[in-house]
Every structure is written in C-alpha cells, then in structure tokens.
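Me: Could you take me through one part of this protein slowly, as if we were looking at the screen together? I'd like to see the strands and what sits around them.

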Amino acid sequence: MVDNRYATAIVIGSVLSLLATVYLSVAVGTQHWYQYSSPPAVGEANASDLRSLQDEFMEEDFDEKAYSDKLFRLNGTMGLWWRCVQVPSYWYKEPDPKMETECVAFTLRQQFIPKYKEPGNHNSGEDLLRTYLWRCQFLLPLVSLGLVLLGGMIGLCGCLCRSFTPTLGVGVLHLLAGMCTLATVCCYLAGTDLLHRVSVLPGGVDGSLGWSLYLALISSPLHMMAAALLVWAARSHRKNYYRMTAYRVA
C-alpha cells in the first residue's frame, strides 16, 4: 500500500517529466536557438548581392564560413539540426516585404565534421574545443531523451509489477537527463561565443538567443524537479516500510 503523499509526488513528478520532455523535443527539432538581425537591403546592387547569397545558401556544399556569412547577412537562425535564413518573397522595392524562411538541415555526417581555428581555412588546424563542443551540443540532448525514455519504461514496468523499488532509479535517470540538457545549453552558448570570436560579423548585425534555447533551458530544471520528487518518494517510502516492518516484528 502506497501512502497518498508518495503517490502524489510520483504523479507530480511524472507531469513535470512529460512537460520537460515535450519542451526538449520541440527545442531539438526547431531552429531558433540563436538568431541574427541583419540590416535590410538598400539599393538594387545590395538586393542583387543578397539574392545571390540566398541561392548559394540553398545549393552550396557544407562549409562553416560560407553558411555563417549568409546567416549573418540574411537574418539567419541556427538550431541543433537546422540553419535557416529569412528572405523577401519577392525582391522588389517594397516598404515592408513579406519574409519567407528557407532552411537547410545538417546531415549526420556534417555534425561530425571538424571545426577549424579559422573557419573555412582547412590549413589553419583543427579547433578541438569548438569541434567537441559542437558534437556534444547535438549528442547530449539525444542522450537526455534516451535516459527519460529508459526511465519511463522502467517506471511502467514497476507499475505493472506493483513495485515501488524502481522509483529511485527512475529519479536518478531524470537527474542525469536534466544535467545533460543543461550541459547542452552550456556547450551551445560556449560554441557560439567562440565562433563569434573567430568570425567577423558585418556591421549592423545583432545576435540574440532564440526561444528554442530557452525551451531547452526550462526543461532542465523541470527534469531535476521531477527527479527530486521521485527520489524523495522512493527514499521516504523505503524508510517507512522498514519502520513498519520493524514495528510488526517487535
């Protein structure tokens, strides 16, 4: 028989876990981790230049400097698996043209391509710090989601077997998932900062954090709060069980 306090803690922890998992899944699948605000095209020559950058962005092979320059100049947004630019629907002289978003996905092979000390210059040597920050930022959220999925399967098996014992393990898995998500955000911020240090941003370009990153940031404490509730329920139930067993023996 489970005390109502422990059952309530498990239910609240499960809801928090579900919310955190949804937030993290949306963050991983969207491109608004970091966004650039570029000045509008002025003059026919500048508009023609931006139009050619748009065509190159959609057609070119993967190169960090090439796609970064286009993100800087075309109101780009970056995610863990997507890079996108915003361009006018028609390159005519309109006071407020309608903007369209065009995206290109990172392939799995591209995620493992090394970063260089000078982006685009393969002779400058590999930048190990940026390379492994980039790889961690897309691997860690997958690890986090995998840990939550494993915890959910263990918890479901515990429910079917009417056992409270797996709850502690599920809580620990959620704690690890929250730490992985927090590490993802830290790796992304550090990698973006290092990229800006080795790149030259055009004049008038501003960068800001996007809502996808904030969703991932919110999901981390939610997973940790779920972990705290599950661990508390498991430990308290175990202490109460041992106390009741000792009382019956006495």
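**A close look at the sheet and its surroundings**

Reply: Sure, let's get our bearings. In this predicted model, the secondary structure comes to 7 helices and 5 strands. If you read along the sequence, the pattern goes α-β-α-α-β-β-β-α-α-α-β-α. Of the protein's 250 residues, 41% count as buried. Now take the contacts between residues at least 6 apart in sequence: 73% of these join residues at least 24 apart.

On to the sheet. The 5 strands form an open sheet with antiparallel pairing, and their order is β4-β3-β2-β1-β5. At the edges you'll find β4 and β5 (206–209), each of which pairs on one side only.

Let's zoom in on β3, which covers residues 82–88. Is this strand mostly covered or mostly open? Mostly covered: 5 of its 7 residues are buried. One of its partners is β2 (residues 77–78), and these two strands pair in the antiparallel sense over 2 bridges. Getting from β2 to β3 takes a hairpin, with 3 residues making the join.

You can pick out the individual partners, too. Threonine 77 has cysteine 84 in β3 as its bridge partner, while methionine 78 stands opposite arginine 83 in β3. Keep your eye on arginine 83, since we'll meet this residue again with β4. Strand β4 runs from residue 99 to 105, and 7 bridges join β3 to β4, again antiparallel. Across that pairing, arginine 83 has valine 104 of β4 as its bridge partner.

Now step back along the chain to helix α3 (residues 64–73). This helix is mostly covered as well, with 7 of its 10 residues buried. The buried ones are Glu64, Ala66, Tyr67, Ser68, Lys70, Leu71 and Phe72. Just after α3 comes asparagine 75, which takes a positive phi of about 50 degrees.

What lies across the sheet? Have a look at helix α6 (residues 167–198): this helix lies across β1 (34–37), β2 and β5, and runs at about 35 degrees to β1.

From α6 we can hop to another helix, α5. The two pack at an angle of about 160 degrees, with their axes 8 Å apart. Angles over 145 degrees count as roughly antiparallel, so α5 is roughly antiparallel to α6. The crossing of α5 past α6 is left-handed. Sorted by class, their contact has 22 nonpolar, 8 polar and 1 charged residues.

Helix α5 (residues 128–160) also meets helix α1 (residues 4–29): their axes come within 11 Å and cross at roughly 150 degrees. That angle makes α1 roughly antiparallel to α5. Here, too, the crossing is left-handed, with α1 passing α5. On the α1 side, the contact is made by Ser17, Thr21, Leu24, Ser25 and Val28, and on the α5 side by Pro141, Ser144, Leu145 and Val148. By class, that contact has 5 nonpolar, 4 polar and no charged residues.

Curious about the spacing of those residue numbers? An α-helix has 3.6 residues a turn, so residues three or four places apart point the same way. Try tracing that contact on the screen, then follow α5 to α6, and α6 to β1, β2 and β5, the strands α6 lies across.

Methods: Residues numbered from 1 in each chain as written. Predicted model: local features only at pLDDT ≥ 70, side-chain atom pairs only at ≥ 80, totals over all residues. Heavy atoms only, no water. Axes fitted to C-alpha atoms, helices over the stretch in contact; angles between N-to-C directions. Helix = DSSP H or I, 4+ residues; strand = E, 2+ residues; numbered from the N terminus. Parallel < 35°, antiparallel > 145°, perpendicular 65-115°, else oblique. Left-handed = near helix turned anticlockwise from the far one by under 90°. Contact = heavy atoms within 4.5 Å. Nonpolar A, V, L, I, M, F, W, Y, C, P; charged D, E, K, R; others polar. Buried < 20%, exposed > 50% of the residue type's maximum accessible area, 1.4 Å probe, protein only. Pairing = 2+ DSSP bridges.
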